Amino acid sequence: MRKTPAIVAVLAAVSLAAASRAQVKERPLPHITKNDGRYALIVDGAPFLMLGAQANNSSAWPAMLPKVWPAIEHLQVNTLEIPIYWEQFEPRPGQFDYTVIDTILTQARAHRVRLVLLWFGTWKNGSQHYMPEWMKLDPERYFHLTDKNGRPADSPSPFCAASLEADIRAFTAFMRHLKAADPQRTVLMVQVENEPGTWGPLRDYSPAAQKIFEGPVPADVLKAMDKQPSSPSVSWQDVFGPEAEVCFHAWAVATYVGKVAAAGKAVYPLPLYANAALRDPIKPGAPGSYESGGPTDNVIPIWKVAAPALDLVAPDIYMRESAQYLKVLELYHRDDNPLFVPETMGSAAVARFFFSALGLQTIGFSPFGLDYTRSRPATAGAANSPEEFLAPTAQNYKLIAPMMREIARLNFEGKLQAVAEEKGKLTETLRFGPWNTKVSYGASRNNPPAGNSEPTGRVLVAQLKDNQFLVAGFFCRVDFSPADADKRRQFLRVEEGEYKDGVFKFLRILNGDQTDWGLNFGSDPLVLRVSLATY
Ligand code: DGJ
């Protein structure tokens, strides 16, 4: 048999994979599980919380990785999200280059970090910019969608069978390689495409797409969107009115992404997801004011039926107002969808929402653009230096990393609640059966809470036993009171400790000034185990 370059590449990949299989014990597959209405990501057999960071878009090249790992180490990230570029992976049709993936896998293992790989395939932020050159140079075959004026838009057509076929072939090769090259399960999840959909045109207006748009809405879409049409052949426009084009495009894009995901999953069943560029969760603008076709909150049910191979759809949250942020978390924390925040801002104003996401059993949280490649993201906010930009995330992860498994387990078991400060809300109460936990912001000694000057307070409280709690957080005061108003609380023992190898290690008992006004959390990581009694 004559060995073409493609065959040589495949043989090399297979032998590398065989070698790594021979040397390494295969670990269980990461997967998402659900119990009692709560989800968890199971890694190495137990719940795992991804303390994530996403690299900048152009940071996955081997020459850039030395500027990624130091940031990841500094942050105590346990999961790096990093792209795999189709243009690099398939430089010629059918010829796959595994060198970059293998470099990332090897270096991640050396840094003891897990990965979420982002397949920058047909869609990246609504465009086809990561398609290989041989596709970009053949727009007749790999066609873009057609806008209202009959012109090609800067967005791929979800009805292009040749692009779909090419993406399926490439994504399958990628997943097959991961299966062979990663018995260690360094890769926990894969994101299929990136913010798929279209900016500008609401959908494909080509004659072929128009015909489908005028045809009947598929029955499973009607059911998922809770629509009961008057006749079996009712059109998208009739059913969805002003949102018809967005719904139609979501169905078309999700169907395409779903086929890519299903093909990849058939060879290697890792958890898969798609991420969304959001619309305003409280005052959503009209179609056209947000990316059309992606898994925005209004079309999640369409994505669920059209792309069942995806384990979840996830919000990229670039918002800083607490009302908006919390609403997004609520919209994507659904009975049919585990919460995961694959992109958000790393700024101090947003870091606290990591705790809000924890309060909804998020399986991970991952601020964007946290590396030292000088690709300063727009999300850097007012930070002057890279360290300053990393600081809020580093603060969160320094606290949680040593007890990550414990937090993931308690959360999966429904024993944990977590909240973040909202401007103007000075206190809030968490209820745990016989005990209420009052969280106050900006309280000093015996002065009443006034709120922090910037809302940065955040805390998690987990019930370890009937009368024992784990409390950890920043910039707030916590106290407990019996739910029974006739009783008073007394602290039996407030232990300050630190987690080592997942186990709480006692440091000292806090008492006197440290507990008489409540339990005070400042800027340093503080973990308390609190035993209570009544009198
Ligand atoms: C959201 C995208 O998903 C990311 O890849 C990146 O482009 C950020 N926006 C903005 O920097």
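The expected span of a helix is 1.5 Å times one less than its number of residues. Put helix α6 (residues 161-181) through that rule and its 21 residues should span 30 Å, which agrees with the 30 Å between its end C-alpha atoms. Keep in mind that this is a predicted model. Below are some helices, a four-stranded sheet, and a handful of individual residues worth a look.

**Helices: length and burial**

- Besides matching its expected span, α6 is mostly covered, with 15 of its 21 residues buried.
- Helix α10 has 24 residues and runs 35 Å from its first C-alpha to its last, close to the 34 Å expected at 1.5 Å a residue.
- Burial is the rule along α10 too: 19 of its 24 residues are buried, so the helix is largely enclosed by the rest of the structure.
- Helix α16 (residues 404-412) is shorter on the page but gets a similar verdict, since seven of its nine residues are buried and it is therefore largely enclosed by the rest of the structure.
- The buried set in α16 is M404, E406, I407, A408, L410, N411 and F412.
- Just after α16 comes G414, with a positive phi of about 80°.

**How α7 meets α10**

- Two packed helices are described by the angle between their axes and the distance between the axes.
- For helix α7 (residues 207-214) and helix α10 (residues 244-267), the axes come within 11 Å and cross at roughly 110°.
- Angles of 65 to 115 degrees count as roughly perpendicular, and α7 and α10 are therefore roughly perpendicular to each other.
- On the α7 side, the contact is made by A209, I212 and F213, while α10 brings in A244, E245, F248 and W251.

**The four-stranded sheet**

- This is an open sheet with antiparallel pairing, and its strand order is β15-β16-β19-β22.
- β15 (427-432) and β22 (519-521) sit at the edges with a single partner strand each, so one side of each has no neighbour in the sheet.
- From one strand to the next, the twist averages 25°.
- β15 and β16 run antiparallel and are joined by six bridges, with L430 standing opposite T437 in β16.
- That pair forms a hairpin with two residues between the strands, and G433 in the hairpin takes a positive phi near 55°.
- Strand β16 (residues 435-440) is also joined by six bridges to strand β19 (residues 476-482), again running antiparallel.
- In that pairing, V439 is opposite V478 in β19.
- In a regular strand the side chains alternate between the two faces of the sheet.
- For β15, the covered face holds E428, L430 and F432, and the uncovered one holds T427, T429 and R431.

**R114, a buried arginine**

- You'll find R114 in strand β6 (residues 114-124).
- Buried means under 20% relative accessible area, so R114 counts as buried at 13%.
- Its side chain makes a polar contact with the side chain of D44, at 3.3 Å.
- Leaving out residues up to four places away in sequence, R114 touches R27, V43, D44, F48, N78, T79, L80, Q184, R185, T186 and L188.

**A357 and its surroundings**

- A357 is part of helix α14 (residues 353-358), and with 0% relative accessibility it counts as buried.
- Residues up to four places away in sequence aside, A357 touches L329, L339, V341, T362 and F365.
- Between A357 and Y268 there are 29 Å in space, C-alpha to C-alpha, and the two are 89 residues apart in sequence.

**Positive phi without a glycine**

- E195 is not a glycine, yet it has a positive phi of about 40°.
- E195 lies in the loop between β9 (187-194) and α7, and at 9% relative accessibility it counts as buried.
- Q361 is another residue other than glycine with a positive phi, this one near 55°.
- Q361 is in the loop between α14 and β13 (364-367), and it is buried, with a relative accessible area of 15%.

Technical notes
Residues numbered from 1 in each chain as written. Predicted model: local features only at pLDDT ≥ 70, side-chain atom pairs only at ≥ 80, totals over all residues. Heavy atoms only, no water. Pairing = 2+ DSSP bridges. Axes fitted to C-alpha atoms, helices over the stretch in contact; angles between N-to-C directions. Buried < 20%, exposed > 50% of the residue type's maximum accessible area, 1.4 Å probe, protein only. Polar contact = N/O pair within 3.5 Å; in protein donor to acceptor, adjacent residues only side chain to side chain. Contact = heavy atoms within 4.5 Å. Parallel < 35°, antiparallel > 145°, perpendicular 65-115°, else oblique.
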